[in-house]
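Me: Could you pick one spot in this structure and look at it really closely with me? After that, I'd like to see how other parts compare with it.

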Amino acid sequence: MEEILSKLYNMTAFSGMSWQVVLMWVIAFILLYLGIKKEYEPLLLVPIAFGLLLANFPGGGMGIVPAENIVLEGERYKNLFEIANEYGIMNYLYYSLIKTGLLPPVIFMGVGALTDFGPMLRNLKLSLFGAAAQIGIFTVLIVSLLFGFTLKEAASLGIIGGADGPTAIYTTIKLAPHLLGPIAIAAYSYMALVPVIIPLVANMFMTKKEFKINMREMDKLYPPKYQIKNLRAVKIIFPIVLGSVTAIFVPSAVPLVGMLLFGNLVKEIGAATLRLSEAATGAILNTATIFLGLTVGATMTADVFLSPKTLGIVVGGFIAFAISIAGGILAVKIHNIFTKKKINPLVGATGLSAVPMASRVANEMALKYDPTNHILQYCMASNISGVIGSAVAAGVLISMLS
Amino acid sequence: MSPLNEALIITVVGMVTVFFILFLIIFVGNLLIRFCNKYLPEEVRVKKSDKSDDRAPQIHRAIEAAIDVFTKGKGKVTNIRKL
């Protein structure tokens, strides 16, 4: 009888329980609460949190095992059938979809099909602030070295400052896959907190006068050089040309930028490729999001997640985010010193990605100071260029460190 | 090379590359806009003549006949307008 009870006990999850496991459940419940109730990036936070929960049920076999477990002699890897057989379906999904780097570019394709380059094309000059706002990535890369991170880990941590989930995940897969869980959580959490972080940083660095700079009035005073006569043609040719240019200069950014621009192209062509565009933004994007979220969440087993490095990632990610916003604001301020046509520094604050939430937040802030100052279109220009900027920065990091 | 030195080099290379690519995007974008403005200006859609105009007299007569029947000869069509 005692033996049967012992077997029964071992059959349940109670035998594998520990305080670390319970703590991971609490973290999962908090993330689920934030995703469901507070609607913080629910499309990703809910699958990530649920993947985390599944991975931390002792005996469930849903946690991702370290890469060393699937390496064979002679730099070969176990095949997917062996992985599925030995470590379960979640590892099968992780090593086929995530470890190969497949899903982030697929998601980028969907993002591209949802992106409108129109505001950027109408205000091309503002794209520069999308470059300035990448400074947070590199600043944190340097600073985190001083706190014991390796160079590859520091680069993965810094990329959170790009405020682009798929880019952060793609870079981390390539450089520091063991940190994938905490970095994904930090990236998406801070993206969800953009409505808090942008006002916080903007209020620190901007004056009332700067908040009131009216972009439309500036446009009337100093009209742009060219008016686009055929926006549709420009929008169709632009992704082709931009993709080619980026591929020539930063080939390592092609998986992300290339797929982004392909998605955008099929959207801009219109009716002839409507089915492709609908697939990219619908079924494909949603399926990719589900598997990305679940598998990334499943990397966060207690022994991986509960380490001092996770705390470092949470703090470092926030600093990267804040510096990126400040970098964009300061770049606009410097620009305003030298030109007559002033730009609202909030446009610079949106130079980090987080499209379109960053632009919406900046627009609302500008409207608070001047109800006629609609800066959404201008913010979108730097916001979209920020997506390209962070993908290029990721490409540089990957090519120099992998 | 120490990791810190390497990180500094990556920072310089990274920021220069990002700025360079976005400068290039501005340059190429402006070039593209000028090219499209010159060689691919938006097609001016010429409003096609309404074919129904050719059939207007028949339609008028049909409406007048219908009104005549409906009002038992009391009504009169003064104006026909497409809504």
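Reply: Ala354(A) is buried, because its relative accessible area is 6% (buried means under 20%, exposed means over 50%, and partly exposed is in between, using a 1.4 Å probe and protein chains only). Keep in mind that this is a predicted model, where local features need pLDDT of at least 70, side-chain atom pairs count only at pLDDT 80 or more, and totals for chains, interfaces and linings use all residues, while side-chain values use heavy atoms, with hydrogens and water left out. To find your way around, residues are numbered from 1 along each chain as its sequence is written, and chains are lettered from A and ligands numbered from 1 in the order in which they are written.

So where does Ala354(A) sit? Its place is the loop between helix 22 and helix 23 of chain A (helices are DSSP runs of H or I with at least four residues, strands are runs of E with at least two, and both are numbered from the N terminus). The backbone there is worth a look: Ala354(A) has a positive phi, near 45 degrees, and is a residue other than glycine. The loop between helix 22 and helix 23 (357-369) also holds Pro356(A), and the peptide bond that joins Val355(A) to Pro356(A) is cis, with omega at about -5 degrees. Why point these out? Most residues other than glycine have a negative phi, and most peptide bonds are trans.

You can find another positive phi at Ala163(A), again not a glycine, with a value of about 55 degrees. Ala163(A) belongs to the loop between helix 10 (151-158) and helix 11 of chain A, and its relative accessibility of 2% makes it buried.

Now step into helix 11 (residues 165-175), which is home to Thr172(A). Thr172(A) has 0% relative accessibility, so it counts as buried too. Look past its neighbours within four places in sequence and you'll see Thr172(A) in contact (heavy atoms within 4.5 Å) with Ser156(A), Pro177(A), Leu179(A), Leu180(A) and Ile183(A).

Gly263(A) is another one to click on, in helix 17 (residues 254-269) of chain A. Its relative accessible area is 0%, so it's buried. Apart from residues up to four places away in sequence, Gly263(A) touches Met109(A), Gly112(A) and Ala113(A). From the C-alpha of Gly263(A) to the C-alpha of Ala280(A) is 6.9 Å in space, with their positions 17 residues apart in sequence.

What about charged pairs? Over all chains, the count is seven salt bridges (a side-chain nitrogen of Lys or Arg within 4 Å of a carboxyl oxygen of Asp or Glu). One of them pairs Asp116(A) with Lys235(A), at 2.8 Å from N to O. Asp116(A) is in the loop between helix 6 (103-114) and helix 7, and Lys235(A) is in helix 16, so this pair ties together parts 119 residues apart in sequence. Asp116(A) is partly exposed at 31% relative accessibility, whereas Lys235(A) is buried at 13%.

Next, try Lys333(A) and Glu210(A), whose side chains form a salt bridge at 3.1 Å, N to O. Here helix 21 (residues 308-338) carries Lys333(A) and helix 14 (residues 208-211) carries Glu210(A), so parts 123 residues apart in sequence are tied together. Lys333(A), at 22% relative accessibility, is partly exposed, and Glu210(A), at 15% relative accessible area, is buried.

Lys341(A) and Asp219(A) make a salt bridge as well, at 2.8 Å, N to O. That pair links distant parts of the chain, 122 residues apart: Lys341(A) is in the loop between helix 21 and helix 22 (346-349), and Asp219(A) is in helix 15 (residues 215-221). Lys341(A) is partly exposed at 24%, and Asp219(A) is buried at 18%.

Finally, zoom out to the partner chain. Chain B has two helices and zero strands, and 23% of its 83 residues are buried. Contacts join 40 residues of chain A to 32 residues of chain B. Between chain A and chain B, the salt bridge rule finds zero pairs across the interface. Helix 7 (118-122), helix 8 (128-132), helix 9 (135-145), helix 16 (231-249) and helix 24 (376-401) each give at least two residues to the side of chain A that touches chain B. Helix 24 supplies the largest share of that side, nine residues.
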